[in-house]
Amino acid sequence: MFELLGIPPQALFGQLLLGLINGSFYAILSLGLAIIFGLLNIINFTHGAQYMMGAFAAWMLLNYLGIPYWGALIVAPIVVGAVGIVLERLLISRLYHLDHLYGLLLTFGLALIATGVFRNFYGISGLPYGMPSQLSGGQNLGFMFMPNYRGWVIVASLVVCFATWFIIERTRLGAYLRAATENPTMVGAFGINVPRLITLTYGFGVGLAAFAGVLAAPIYNVNPNMGADLIIVVFAVVVIGGMGSILGSIVTGFGLGLIEGLTRVFYPEGSAVVIFVIMAIVLLVKPAGLFGRTV
Amino acid sequence: MSAVSEAINLPSANASHEMGMSGLHKAIFAALLVAGLMAPFVLYPVFVMKVLCFALFACAFNLLLGFGGLLSFGHAAYFGGAAYASAHAAKVWGFTPELAILTGTLGAALLGAAIGTLAIRRQGIYFAMVTLAFAQMVFFFSVQAPFTGGEDGIQSVPRGLLFGFIDMRPDLNLYFLVLGVVFLGLLAIYRIIHSPFGQVLKGIRDNEARMTSLGYRVNRYKLAVFTLSAGLSGLAGATKAIVFQLASLTDVYWTMSGEVVLMTLLGGMGTVFGPIVGATVIVSLQNYLATFGDWVTIVQGVIFVVAVLLFREGIVGVIAKLIRKPL
Amino acid sequence: MKKTGLIAASIVGLLMASAAHAQTSIKIGVLNDRSGIYSDITGEGSAIAAQMAAEDFGTDKGITVEVVSADHQNKPDVGSNIARQWYDTENVDVIADVPTSSVALAINDITREKNKIFLNSGAATSDLTGSKCSPNTVHWTYDTWALANGTGSAMVNAGGKTWFFLTADYAFGHALERDTSAVVVANGGEVLGVVRTPFPGTDFSSFLLQAQASGAQVIGLANAGGDTINSIKQASEFGITQGGQALAGLLMFVNDVHALGLDVAQGLVLTESFYWDLNDQTREWSARFEEKTGKKPSMIQAGVYGAVLHYLKAVEAAGTKDAEAVMAKMKEMPTDDPLFGKGVVRQDGRKVHPMYLFRVKTPDQSKGEWDLYETVATIPADKAFRPLADGGCELAK
């Protein structure tokens, strides 16, 4: 049988597709981080915890209020985003005049608190969250069995990423946002409420994390630590793409998913570290990231 | 890095005191030594040794962050790497404790020099990310490499005979070795900070471009301080491995890198004595809150938040401000 | 809540101390994971189980018992620090539970050095009664050898001849894979392949597809906790079990199955030494346990109960709490408790009792929240654990 790098091409193609699906999560999460960094100059270390809170919100909505998956997909990001807005107003907004590093440390502390609180209330084994019945089952693509839900993850993330990119790069609101990043005083002088814009942006970025959390709930274990290790990887994705670059984080998210998928076939033990190797190389060769402006 | 230096401007403001040790600092060092000598008779010696190791670790980290202006998010690599090296040397090669500790320290310094060479080419947040990336690779290596024992770590490390004839098994004997090592480490850091080299470092921290224009080869200084900081962190990690007779993945995991930032921030970045206070507080908290499970995490988180929002100078930084003297 | 537990414990202690014939006072330290991945299967539940053992032992035997507990956070350094402190400054006589093999091995050393007693229930490593065995340690509930043996031999005998392993890439995963492979091969099966997955991992779909492509009849999950849960969840999603391949969880607990839900976990085969619904005695005890904790006990929590009860009986019989005398009594007296039935503690410290092979019920078969298992096979005590001679323990000679 014809083989590519010692692997039947069908199997390889299947693995690439899976990589792309994982890349979808990286893309949504890193997009949120990139938006927040771009506008607020804050490295949002709480992002992983907010992703976790999204998954938990989905579980709570289902179990306490009877709101199913589809409702949770909309409500959970709004709720978690609102919590984010409160945090931004009360705490994070006090740090804008300081170095990035303080934002990083503050949100690191917030992430510890959130994780600890959820562990106290829900334990660590994780909570069951069922697959929405409309998406259970899957298609036989010939080279692999493709669960419908994974297909949905790709579609949903592509739509969300494209919509976000469109809003920021192609609409008037996005133009305000980009302008406020460059020169907040000037934009304020035009009568635009810059602090409110910043707050809403933070809420939106957090909402994206929560959206990814809801997407993840049916296929990954919903537990308080689910975001803790992911955040480091997503960070690396954002750095590779170029801090604050919207397009960069999307493309890099999907791209690294693919590379990680390949590593899982050829050197599975190394798949957890390949992203960091790439990050180190990219930073040394092109410090501003693949899509970043030079600093 | 402007804000970091803004927050930690205080110690370097008083330049006249910087050469040689001021009377106040002499008194504090003496008090620390006396406290160190008395502590094992009041408190549980193993616990005090843990505090000492982390105090040295935090001070070594602070040398880089507070005086070099470089935030490393991967210092666990040197601390944990040295722990593995010294544990391996003591257990497998049968080294005496002082040689095992030396092995770990040198190993960490070499690792620091290698990683530092690459990392110092970047600044600010990028520098932090590169150090984190390398630390993750060290972690990955520690999980994989056969000699580290995976998640079991290297256990039952013999405490051995100091210089080949002093039995280190009784806690008190080992305690005075650890106290000596840590105290010398702290003095070395103090000396580095207050040497001409340290002055250049502060100059770079406050305004890198100016130092470059004055003809200093900035990168050499950065690499030197990175290597020193890594080596001293290694000294702390290597000593800890001998104390607990154990080197494990905890020491190289990224949360350890976060903890040392917390200790330094809480005690006071860029102060001489701050990290000692920070390490003492955090280690005690972990020790005494151990019964309460998750609350350790939550309390640490709250400390982070409060420290960043309310007192960025840290405990010692605030005291220094009150008494208007650098500490 | 944890604090009240302690206070209640000390009040019980005080009351008992005031009894006229109180002579021996025992302090039991329950050291386990109270915040991390194993906190549900050990944690406060194990401390409560130890407390229940003290109560069931009785307050009229001249022995007062105090139970303290702490969180080792699955870190050997934290655990050994607490253990040293307990032994050196707080007069703890015995440490119980201690999940996480790396921490357990550290406590094993310290307990031996300080000549106290270590009643392990939570850790899986068979080294505790093998190459690292200690005269001061009893390993009560299970170990990797028993799990591998139970699941491995039963699956092969049921026709699962070809295996593919998903192995968490760390020493524990490797040990589980090695032990199970040996059992599979010894029973006439074949190992088709292995994939080492980074630990801890989230997405296992890629590895599961590799397992699927191998065509093996059984996919052995040589991992634990969240890794196992994620791989099972995703195996169900990718239709692996529907495709005719069976999943074997090599280290799974009833709480993991509970967390997964029967929809996902149904059909999974696993080995445990205790299940709340085994017989009237286990049901009665588990109901009491559930009253206090709101959950059914895991086998580890049951093991803490059994081990502490046996220890207290040995102290009574020995008339002293001297470690050497009590250990001798523990090995000499047959064990008998409502949860594990009759058994013995071997010279190497291994407690032997039957192991059970369970299959997870389908949602239709289940009659309640915790009605999760059906018993497939009982592995008799003399076959359930590694033979004394094979462990390489110096005490066995």
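How many residues of chain B are in contact with chain A, and how many of chain A with chain B? The count is 34 residues of chain B against 34 residues of chain A. Before going further, please keep in mind that this is a predicted model. The tour below starts with the places where chains touch, and then turns to the individual chains.

## Where the chains meet

Let's stay with chain B for a moment. Four of its helices each give two or more residues to the side that touches chain A: H1 (2–7), H7 (124–144), H12 (254–267) and H14 (295–309). Of these, H7(B) supplies the largest share, with 11 residues. Sorted by class, this side of chain B holds 22 nonpolar, eight polar and four charged residues. Two of these helices, H7(B) and H12(B), come back below.

Chain A also touches chain C. Here 30 residues of chain A are in contact with 32 residues of chain C. On the chain A side, the elements that give two or more residues are helix H1 (9–40), strand S2 (145–147) and helix H10 (246–266). H1(A) gives the most, with five residues. The residues on this side of chain A divide into 14 nonpolar, 12 polar and four charged.

## Chain A and its annotated regions

A database record is a helpful guide to chain A. An unreviewed UniProt entry lists seven spans as "transmembrane region": residues 12–37, 73–92, 104–129, 149–168, 200–220, 232–259 and 266–285 of chain A. Two of them can be described in more detail. Residues 12–37 of chain A are 100% helix and 0% strand, and the C-alpha atoms at the two ends are 36 Å apart. Residues 232–259 of chain A are 86% helix and 0% strand, with end C-alpha atoms 17 Å apart.

## Helices packed together

A good way to get to know these chains is to look at pairs of helices. Two packed helices are described by the angle between their axes and the distance between the axes. Three pairs are set out here.

| Helix pair | Angle between axes | Distance between axes |
|---|---|---|
| H2(A), residues 47–65, and H4(A), residues 100–122 | about 30 degrees | 9 Å |
| H6(B), residues 97–119, and H7(B) | about 140 degrees | 10 Å |
| H12(B) and H15(B), residues 314–323 | about 15 degrees | 3 Å |

The pair in chain A packs at about 30 degrees. Because that angle is under 35 degrees, H2(A) counts as roughly parallel to H4(A). The crossing of H2(A) with H4(A) is left-handed. From H2(A), the contact takes Gly48(A), Ala49(A), Met52(A), Met53(A) and Phe56(A), while H4(A) brings Ala111(A), Ala114(A), Thr115(A) and Phe118(A). In terms of class, seven of the contact residues are nonpolar, two are polar and none is charged.

In chain B, H6(B) meets H7(B) in a right-handed crossing. H6(B) contributes Ile115(B), Leu118(B) and Ala119(B), and H7(B) contributes Phe127(B), Val130(B), Thr131(B) and Phe134(B). Six of these residues are nonpolar, one is polar and none is charged.

The remaining pair, H12(B) and H15(B), packs at about 15 degrees. This angle makes H12(B) roughly parallel to H15(B). Leu265(B), Leu266(B) and Gly267(B) of H12(B) meet Gly314(B), Ile315(B) and Val316(B) of H15(B). This contact has four nonpolar, two polar and no charged residues.

## Chain C and its two domains

What does the record say about chain C? An unreviewed UniProt entry lists residues 25–361 of chain C as "domain: Leucine-binding protein". That span is 45% helix and 21% strand, and its end C-alpha atoms lie 45 Å apart.

The domain assignment divides chain C into domain 1 (2–142 + 278–352) and domain 2 (157–272 + 354–383). Taken over C-alpha atoms, the centres of these two domains of chain C are separated by 29 Å. Their contact takes 12 residues from domain 1 of chain C and 11 residues from domain 2 of chain C. On the domain 1 side, those residues are six nonpolar, four polar and two charged.

Notes: Residues are numbered from 1 along each chain as its sequence is written. Chains are lettered from A and ligands numbered from 1 in the order in which they are written. This is a predicted model: local features need pLDDT of at least 70, side-chain atom pairs count only at pLDDT 80 or more; totals for chains, interfaces and linings use all residues. Two residues are in contact if their C-beta atoms, placed from the backbone, lie within 7 Å. Ala, Val, Leu, Ile, Met, Phe, Trp, Tyr, Cys and Pro count as nonpolar, Asp, Glu, Lys and Arg as charged, and the others, Gly among them, as polar. UniProt positions are given in the numbering used here, feature names are shortened, and annotations may be inferred rather than shown by experiment. Domain bounds come from an automatic or database domain assignment. Axes are lines fitted to C-alpha atoms, for helices over the stretch in contact, and angles run from 0 to 180 degrees between N-to-C directions. Angles under 35 degrees count as roughly parallel, over 145 as roughly antiparallel, 65 to 115 as roughly perpendicular and the rest as oblique. A crossing is left-handed if the near helix is turned anticlockwise from the far one by less than a right angle, and right-handed if clockwise.
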